[in-house]
Structures are given as structure tokens and as C-alpha cells.
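This report sets out how the secondary structure elements and nonpolar cores of one protein chain are arranged. The sequence and the structure are shown here.

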Amino acid sequence: MLRCLPLRISIRDSLILIILVLFNTIHVTDMANNEMDIQSKQSKTKEDNGSKLVNFNGNDDYLKSCPSADEENEINCYELNYPCLACDRSIDCVYGALFNYTCYVKAKVTCKGTRSFNKTAQCRFCYQTDKWEHRCDQKASCNSLASPIKYYLTNCTVSDDIICLGKRRFLKKIKCSWTAGTHWGTALVLALTLGGFGADRFYLGHWQEGIGKLFSFGGLGVWTLVDALLIGIHHLGPADGSLYI
């Protein structure tokens with residue numbers, strides 16, 4: 001009759017197991033970062049191919065954002081902004097200096113007062129406006145925790161009240177920085193209290209490592225302390241590449 005012998009694991013074997021699991025975690029994280037980079041490049045290529053098909057034809061779509069004759073209270077023509085106005089944006093002005101732009105109200109736009117007037121604004125191209133003067137499309141397909149810091153190209157649009165030279169919609173390279181609502185404090189508390197059961201890893205989305213911590217009791221405490229330290233210095237973040245809040 002076969003007899004089952006008890007399984008004995010020495011401390012040295014346990015430490016070797018923990019080191020192997022940590023190296024596997026680093027390898028999986030690197031592979032995930034590379035997959036994110038590939039997906040970001042593929043989506044960028046699709047956007048570039050799609051942008052070549054856009055045809056900007058002159059139409060009356062701007063009337064949807066402008067006052068019409070049906071409205072009871074007319075506003076002053078001078079208070080109108082883009083796209084209700086068209087300004088003579090001459091490139092002969094001195095960059096950075098104030099310049100008087102000649103603006104006029106577009107056809108079919110209803111307002112009271114003079115329909116042609118001057119507006120003073122800084123001489124600059126639209127892509128040179130400050131970051132609070134334009135809004136950019138945010139992307140969540142990049143890794144905010146990557147080192148070195150990742151940047152991506154996105155479309156930005158100048159605010160309607162800004163007068164500038166060139167196209168009002170342009171490409172800009174911005175820093176990859178987005179969040180999915182994961183709290184750093186919650187992750188740290190879970191690592192310090194329930195880290196031995198992998199609760200911090202499950203919360204961050206690293207479910208494979210969480211299972212490993214659960215069945216190894218936090219790597220006999222060593223893995224728990226390592227994860228608490230990594231979360232404390234913001235080195236270990238959410239699995240989707242987002243930032244803490």
C-alpha cells in the first residue's frame with residue numbers, strides 16, 4: 001500500500017520561489033507595456049489613414065452654434081465668437097505682439113450692432129496657444145507608468161474665444177497621463193492589511209500575481225512587504241497602465 005510522505009519546503013526553497021515569482025511579474029509587466037505600445041501605434045496609423053479621407057467643405061454647419069432670427073433676445077455682434085465670426089488673420093503681424101484683427105459676422109447670423117469691427121489679440125499660431133486655451137482629445141491606450149515617460153499625438157482644438165493664425169485644429173504631442181479611478185491610499189492600505197491574501201494585487205488588476213500571493217500567504221510575508229514598498233513609492237500601479245488618484 002502506498003504511503004503519502006509529508007511535503008517539506010525549506011526556507012531557501014521558499015525564497016527561491018518568491019524570487020522566481022517576482023521576476024515573472026516583471027517579465028509580464030514588460031510584455032504588457034510592449035503590447036500597449038503596439039496597440040497605440042496601430043490606432044495612430046488607423047487615425048492617420050482616416051484623417052486623409054476627411055473633406056472640409058464650406059457649409060452652413062456653423063449656424064447650429066450661432067444665434068438665429070428665431071431667437072427673441074439678440075446679442076451684440078461684438079460678443080460673438082468662432083464660428084460665428086470670421087477674422088482677417090494676417091501673418092504680417094509681429095509674433096507675440098498685440099494686433100488688431102478685422103472681424104465680421106458671417107452670413108445668416110443674427111445680432112445687433114455693427115457687423116464689422118476690430119478685435120485685439122496676440123499674434124501667434126493656433127498651435128502656439130497655452131494649454132488652457134485649447135482642449136485635446138485624451139487617450140487611454142498608453143501606459144502612464146512607463147519609464148521613460150510616454151507621449152502620444154492627439155488632436156487639439158482652440159477655444160472659440162481665441163483668435164489665432166492657421167488651423168484651429170492641430171496635432172500636438174502630449175504626455176501620457178490618465179486615470180481609471182484607482183486610489184493610491186486604498187491600494188497601500190490593502191497591501192499593509194490584507195497583502196498576505198493578495199488583496200492589493202487583485203485591487204490593482206494583477207490577478208495572476210494575486211492568486212500567487214493568496215496560495216503562498218504573501219510569500220511568507222516577504223512578498224507582502226515588497227509589494228507594500230513598491231506601492232508606497234508609486235512603482236507598482238494599476239495593470240491597465242493608468243495613474244493613481
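## Helix packing

The axes of helix α2 (residues 184–193) and helix α6 approach within 9 Å of each other, crossing at roughly 165°. That angle is over 145°, the limit for a roughly antiparallel pair, and therefore α2 is roughly antiparallel to α6. The structure is a predicted model. The crossing of α2 past α6 is left-handed. On the α2 side, the contact is formed by W184, A187, L188, A191 and L192; α6 contributes T224, A228, I231 and G232.

One of these contact residues, T224, belongs to α6, which covers residues 222–232. Is T224 buried or exposed? Its relative accessible area is 13%, and since buried means under 20%, T224 is classed as buried. Beyond its neighbours within four places in sequence, T224 is in contact with A191, G195, G196, K213 and G218. Of these partners of T224, A191 is also listed among the α2 residues at the helix contact.

## The sheet β1-β2-β3

Three strands form an open sheet in the order β1-β2-β3, and their pairing is antiparallel. Strands β1 (85–88) and β3 lie at the edges with a single partner strand each, so one side of each has no neighbour in the sheet. On average, neighbouring strands are turned by 40° against each other, direction ignored.

Four bridges connect β1 to β2, and seven connect β2 to β3. Which residue of β2 is the bridge partner of A86? The partner is Y104. Y104 is in turn bridged to S116 in β3, a residue on the uncovered face of that strand.

In a regular strand, side chains alternate between the two faces of the sheet. In β3, the covered face holds F117, K119 and A121, while S116, N118, T120 and Q122 make up the uncovered face.

## Nonpolar cores

The largest nonpolar core has 17 residues, of which L80, Y101, V105, V109 and F117 touch the most other members. Strands β2 (98–105) and β3 (116–122) are the elements giving two or more residues to this core. The largest share, three residues, is that of β2.

F117 links several of these descriptions: it is on the covered face of β3 and is named among the core residues that touch the most other members. Leaving out residues up to four places away in sequence, F117 touches C77, Y78, L85, Y101, T102, C103 and V105. A second, separate core comprises 12 residues, including C142, C156, I162 and I174.

## The sheet β4-β5-β6

A further open sheet of three strands follows the order β4-β5-β6, again with antiparallel pairing. Its edge strands, β4 (134–136) and β6 (169–175), each pair on one side only. From one strand to the next, the twist averages 40°.

Three bridges join β4 to β5, the strand of residues 151–158, and the two run antiparallel. Which residue of β5 is the bridge partner of R135? T157 takes that position.

Terms used. Residues are numbered from 1 along each chain as its sequence is written. This is a predicted model: local features need pLDDT of at least 70, side-chain atom pairs count only at pLDDT 80 or more; totals for chains, interfaces and linings use all residues. Side-chain values use heavy atoms; hydrogens and water are left out. Two strands pair if DSSP finds at least two bridges between them. Axes are lines fitted to C-alpha atoms, for helices over the stretch in contact, and angles run from 0 to 180 degrees between N-to-C directions. A nonpolar core is a set of buried Ala, Val, Leu, Ile, Met, Phe, Trp, Tyr and Cys residues joined through side-chain atoms within 4.5 Å. Buried means under 20% relative accessible area, exposed over 50%, partly exposed in between (1.4 Å probe, protein chains only). Contact means heavy atoms within 4.5 Å. Angles under 35 degrees count as roughly parallel, over 145 as roughly antiparallel, 65 to 115 as roughly perpendicular and the rest as oblique. A crossing is left-handed if the near helix is turned anticlockwise from the far one by less than a right angle, and right-handed if clockwise.
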